[in-house]
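Here are a few notes to go through with the model open beside you. Could you check that they match what you see?

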Amino acid sequence: MWLCDTTLTWLLIQHEMFRIAQASAFDRRWRALNRLTTYYANALDFAIPPIPLFGHTYFSTGSFSYYKTLGLRLEKEYYVLSVDKSDPPFFWPILLHELSHCWLGRRGDVDSISDKHLDEISEIGDVTRINRATIEKRIEEALCDAIATYMIGPSYPYSYLNRLWARFPAGIVPEYPSHRFRIECMATVLDEMKLYEQARNIRYIGNAKFSEPWQNEEIHWAIDDIVSVTSELPKLVVDEVDIEANRVAYNLEFSATRDIPTLFLACWMFLGNLESSEVPSAITRTSEIILREIE
Ligand SMILES: [Zn+2]
């Protein structure tokens with residue numbers, strides 16, 4: 001019965017995926033989204049590039065999720081990534097978080113970090129009652145934040161703070177680490193990238209929102225191991241990307257850049273410099289610039 005239910009659920013998910021894929025084919029932004037996905041999939045050495053879609057929210061699925069939920073290793077890998085179709089492109093750095101779930105699906109980082117701290121886990125588990133499965137899920141979420149930050153730079157934390165923050169209020173979903181901890185992971189990665197001012201800014205926003213220290217998170221002991229996984233990634237963000245993005249933002253509408261991390265950060269900086277009344281029209285203009293440069 002369980003297997004029958006599970007199979008039915010998967011068939012329904014596949015049907016929904018097919019429906020979203022059909023609709024995405026008519027979205028004029030798909031070409032740019034596909035370029036962005038392929039660029040990062042190549043950099044991360046995916047055997048087959050993920051298929052990007054415009055869905056109702058951000059998510060990732062594919063062969064790795066069969067292993068996670070059913071214990072099955074499919075012979076051929078495949079990946080599907082969805083971005084929220086209602087979001088303008090400057091939120092697309094969130095795609096990197098979803099791509100990281102796929103990348104981690106081929107590796108053993110979550111298990112090895114959990115195993116390494118097994119003693120702490122049993123000790124903490126007694127106090128907090130979160131089980132190993134929840135701990136592993138939280139480690140994976142924080143890893144995806146760290147990887148996304150390393151791959152595309154500060155535009156990921158800014159997308160997170162402005163988009164995902166409101167969507168997942170702290171404490172409601174037990175599978176996610178606290179926002180404050182997630183921010184500390186991203187800021188630590190930015191420190192490692194020598195983007196100290198950006199790291200300070202991200203922490204400042206986190207501190208202003210929450211008084212609770214990041215060390216209160218049950219998996220706080222995993223932070224060094226989470227951040228150290230980024231040392232295995234290709235370096236795609238240029239040194240001092242924030243200085244370069246600031247220069248590009250100053251003249252964005254006339255001379256942008258095709259360097260993806262710089263382009264996204266420049267758009268965030270451009271919007272950050274505007275009066276709130278100017279933002280709606282600027283969103284349309286920056287969206288066009290991103291599409292033009294990535295395509
Ligand atoms: Zn996630």
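The points below take up a helix pair, a sheet and two loop residues.

1. Just so it's said up front: this is a predicted model.

2. Have a look at how α7 (residues 132–152) sits against α9 (residues 179–192). The two helices pack at an angle of about 30°, and their axes are 9 Å apart. The crossing of α7 past α9 is right-handed. On the α7 side the contact uses A142, D145, A146, T149 and Y150, while α9 brings F181, R182, C185, M186, V189 and L190. By type, the residues of this contact come out as eight nonpolar, one polar and two charged.

3. Now the sheet. It's an open one with three strands, ordered β1-β3-β2, and the pairing is mixed. The edge positions go to β1 (51–55) and β2 (59–62); each has a single partner strand, so one side of each has no neighbour in the sheet. From one strand to the next, the twist averages 25°.

4. Zooming in on one pair of strands: β2 and β3 (residues 79–84) run antiparallel and are joined by four bridges. If you want a spot to check, T61 has V80 in β3 as its bridge partner.

5. Two backbone oddities to finish. D45 isn't a glycine, yet has a positive phi of about 65°. D45 lies in the loop between α2 (30–43) and β1, and is exposed, with 9 other C-beta atoms within 10 Å. K194, also a residue other than glycine, has a positive phi near 65°. You'll find K194 in the loop between α9 and α10 (196–209). Is K194 buried or exposed? With 11 other C-beta atoms within 10 Å, K194 is exposed, since 12 or fewer counts as exposed.

Terms used: Residues numbered from 1 in each chain as written. Predicted model: local features only at pLDDT ≥ 70, side-chain atom pairs only at ≥ 80, totals over all residues. Axes fitted to C-alpha atoms, helices over the stretch in contact; angles between N-to-C directions. Left-handed = near helix turned anticlockwise from the far one by under 90°. Contact = placed C-beta atoms within 7 Å. Nonpolar A, V, L, I, M, F, W, Y, C, P; charged D, E, K, R; others polar. Pairing = 2+ DSSP bridges. Buried ≥ 20, exposed ≤ 12 C-beta atoms within 10 Å, placed from the backbone.
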